[in-house]
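Welcome! Please open the structure in your viewer and keep the selection tool at hand for a short tour.

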Amino acid sequence: MIATGGAFLLLPARAAAIAAGERFNPNQSPDVPARHVHLVRGEYFVIVFFNVALVGVANSRLMGGTWTFRDGIELAWERKGTILQWALVAATVGVILRTLKSAWA
């Protein structure tokens with residue numbers, strides 16, 4: 001999923017470079033950082049969504065409940081707005097920290 005999503009995000013920049021008769025270098029494209037942030041945000045949403053579902057099921061089972069994976073997904077879906085907000089914050093901070101790390105390395 002990650003490789004495919006990244007490849008699809010680079011298609012417009014690649015097409016523009018080919019149309020201009022230039023060689024495409026993804027590291028020099030001005031669109032890549034912005035598109036990368038959006039890809040990372042989507043990845044974080046998926047990760048946090050399923051973590052919420054897993055923790056919900058685990059918590060229920062530890063308390064003697066009988067929740068299933070479906071119940072966990074329903075719990076996460078009820079909280080999708082909060083999960084999206086957290087994913088946006090976490091992804092943005094993560095990208096900023098990675099950028100600072102690569103700038104200082």
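## A walk through the chain

Start with the whole protein chain in view: of the contacts between residues at least 6 apart in sequence, 56% join residues at least 24 apart. Bear in mind that this is a predicted model.

Now colour by secondary structure. You will find four helices and zero strands, and following the sequence gives the pattern α-α-α-α. Switch on the surface next: the protein chain exposes about 7,800 Å², with carbon and sulfur atoms supplying 66% of that area. Of the 105 residues here, 23% are buried.

Which residues form the largest nonpolar core? Select Val48, Phe49, Ala53, Ala76 and Ile83, the five residues that make it up. Helix H2, residues 31–62, gives the largest share of this core, with three residues. As background, nonpolar side chains in soluble globular proteins tend to be buried together.

Stay with Phe49 and show what surrounds it. Beyond its neighbours within four places in sequence, Phe49 is in contact with Ile73, Ala76, Trp77 and Ile83.

For the next stop, select helix H3, residues 69–78. Its buried residues are Gly72, Leu75 and Ala76. Why do these buried residues lie on the same side of H3? They cover an arc of only 95° around the axis, so they share one side of the helix. Ala76 is one you have already met, as a member of the largest nonpolar core.

Finally, rotate to the face of H3 turned away from its buried side. There you can pick out the exposed residues Arg70, Trp77 and Glu78. Trp77 is also among the contacts of Phe49.

Key:
Residues are numbered from 1 along each chain as its sequence is written. This is a predicted model: local features need pLDDT of at least 70, side-chain atom pairs count only at pLDDT 80 or more; totals for chains, interfaces and linings use all residues. Side-chain values use heavy atoms; hydrogens and water are left out. A nonpolar core is a set of buried Ala, Val, Leu, Ile, Met, Phe, Trp, Tyr and Cys residues joined through side-chain atoms within 4.5 Å. Buried means under 20% relative accessible area, exposed over 50%, partly exposed in between (1.4 Å probe, protein chains only). Helices (H or I, at least four residues) and strands (E, at least two) are DSSP runs, numbered from the N terminus. Contact means heavy atoms within 4.5 Å. The arc is that of the directions from the helix axis to the C-beta atoms. Accessible areas come from the Shrake-Rupley method with a 1.4 Å probe; for residues, only the protein chains shown count as cover.
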